[in-house]
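Colleague: I have a sequence and a model in front of me. Can we walk through them together, one question at a time?

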Amino acid sequence: MGQHIFVERVGRLSAGDSAPLYLQLQRVLRQAIESQILSADEALPAERDLATAFEVSRVTVRKALDGLVDAGLLTRRHGAGTFVATRVEKNFATITSFTEDMQARGRHPHSEWLARSEGLVTPEEAMALGLSPGTRVYRFTRARYADDQSMALEISTVPADCLASLDAVEESLYAALGDARPVRVLQRLRAILFTADQAALLEIDAGAPALEIERRGYAQDGRTVEFTRSLYRGDSYDYVAEFGTGAS
């Protein structure tokens, strides 16, 4: 019964369409997603149920879904099924934390701590943070989630004198920084692919597209208080920026 209701919602395959069946099914599902008939984070019926409902083979269904996953419109979750992708727009023009971004969108942010440690600054960190050799820093590595969906890996380094202790960071680094929270940031973005180890931490496929964001955060007094490297899922994040032309 549920499969037939789903077909009535998204539409049937056209009997007169000469395109391959997997492309027909892909088109029907794409239109339903883009017109918001299927809502963000909605679960699709199981592949066998889709095959029965649309009277096509499971191979056809799998091929259609694969194309939509590759396009970032659907996402697969291990052991849970296939869902309409929930994409997040991150505005470069605002300085907000991951926690604030998710809360503003009605999502529940949480983190899985992978590591937190204290040590002496490395040459790379010293260069990024403007610190002298021998300076103590705190390092935080987390997998970030929105609701139950993995969103990003995040590796942050902060001068130790900016935080009360190594355990001061709970859900939000920026909340823990308090008055030392960045008021200006410099970000560099590039497209990469998740390695097998990185993908395993987020429970996605190795080689999936990622947006790597290298971020330096500057406090009100000009100090560099944050050096963060984040790997965002390419199927879940869009980065946008708004620019204006200067008066001539």
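Colleague: Which residues does E154 touch, not counting residues up to four places away in sequence?

Modeller: Keep in mind that this model is predicted. Leave out the residues up to four places from E154 in sequence. What remains is F140, T141, R142, R144, T228, R229 and S230.

Colleague: Where is the place of E154?

Modeller: Look for the strand that runs over residues 149-159. E154 falls in that range, and the strand is β6.

Colleague: Does E154 count as buried or exposed?

Modeller: The cut-off for buried is under 20% relative accessible area. E154 has 9% relative accessibility, so E154 counts as buried.

Colleague: Which side chains make polar contacts with the side chain of E154?

Modeller: One polar contact joins E154 to R142, at 2.8 Å. Another, also 2.8 Å, goes to R144. The partners asked for are R142 and R144.

Colleague: Let us turn to a helix. Which residues of α3 are buried?

Modeller: Helix α3 covers residues 47-54. Seen down the axis of α3, the buried residues fall within an arc of 165 degrees, so they line one face of the helix. An α-helix has 3.6 residues a turn, so residues three or four places apart point the same way. The buried residues of α3 are E47, L50, A51, A53 and F54.

Colleague: Which residues on the other side of α3 are exposed?

Modeller: Exposed means over 50% relative accessible area. On the side of α3 away from the buried residues, those that are exposed are R48 and T52.

Colleague: Which residues have the most contacts inside the largest nonpolar core?

Modeller: In soluble globular proteins, nonpolar side chains tend to be buried together. The largest nonpolar core here has 23 residues. The ones with the most contacts inside this core are F6, L29, L38 and F54.

Colleague: Which helix gives the largest share of this core?

Modeller: Four helices each supply at least two residues: α1 (2-10), α2 (21-34), α3 and α4 (58-70). The largest share is five residues, and these come from α2.

Colleague: What does F6 touch, not counting residues up to four places away in sequence?

Modeller: Set aside the residues up to four places from F6 in sequence. F6 then touches L29, L38, L44, P45, L50 and F54.

Colleague: How many residues are in the second, separate core?

Modeller: This second core includes F140, A160, C162 and L177. F140 is also among the residues that E154 touches. The residue count of the second core is 12.

Colleague: Now the pocket. Which residues lie nearest the centre of the largest pocket?

Modeller: The largest pocket holds about 530 Å³ of space. Its lining takes in at least two residues each from α4, β1 (74-77) and β2 (81-84). Of the 29 lining residues, those nearest the centre are V69, T75, R76, D205 and D235.

Colleague: Which helix holds Q198, and is Q198 buried or exposed?

Modeller: Q198 sits in helix α8, residues 196-202. Leaving aside neighbours within four places in sequence, Q198 is in contact with L153, L193, R229 and L231. R229 also touches E154. The relative accessible area of Q198 is 16%, and under 20% means buried, so Q198 in α8 is buried.

Colleague: What separates the C-alpha atoms of R181 and E226?

Modeller: R181 is in the loop between α7 (173-177) and β7 (184-193). At 23% relative accessibility, R181 counts as partly exposed. R181 and E226 are 45 residues apart along the chain. Their C-alpha atoms are separated by 8.7 Å.

Colleague: What is the phi of D41?

Modeller: Most residues other than glycine have a negative phi. D41 is in the loop between α2 and α3, and D41 is partly exposed at 29% relative accessible area. D41 is not a glycine, yet its phi is positive, near 75 degrees.

Colleague: And what phi does E203 have?

Modeller: E203 lies in the loop between α8 and β8 (209-218). At 51% relative accessibility, E203 counts as exposed. E203 is not a glycine either, but its phi is positive, about 60 degrees.

Colleague: Last one. What percentage of the residues in the protein is buried?

Modeller: The secondary structure comes to eight helices and 10 strands. The protein has 248 residues, and the buried ones make up 44%.

Key: Residues are numbered from 1 along each chain as its sequence is written. This is a predicted model: local features need pLDDT of at least 70, side-chain atom pairs count only at pLDDT 80 or more; totals for chains, interfaces and linings use all residues. Side-chain values use heavy atoms; hydrogens and water are left out. Buried means under 20% relative accessible area, exposed over 50%, partly exposed in between (1.4 Å probe, protein chains only). The arc is that of the directions from the helix axis to the C-beta atoms. A polar contact is a pair of N or O atoms within 3.5 Å; within protein, one must be able to donate a hydrogen and the other to accept it, and residues adjacent in sequence count only if both atoms are side-chain atoms. Contact means heavy atoms within 4.5 Å. A nonpolar core is a set of buried Ala, Val, Leu, Ile, Met, Phe, Trp, Tyr and Cys residues joined through side-chain atoms within 4.5 Å. On a 1 Å grid over the protein atoms alone, a cavity is a set of points where a 1.4 Å probe fits but cannot get out, and a pocket is an open set with protein on both sides within 12 Å along at least five of seven lines; lining residues have an atom within 4 Å of a point. Grid points are joined across faces, edges and corners, and a volume is the space filled by probe spheres set on the points.
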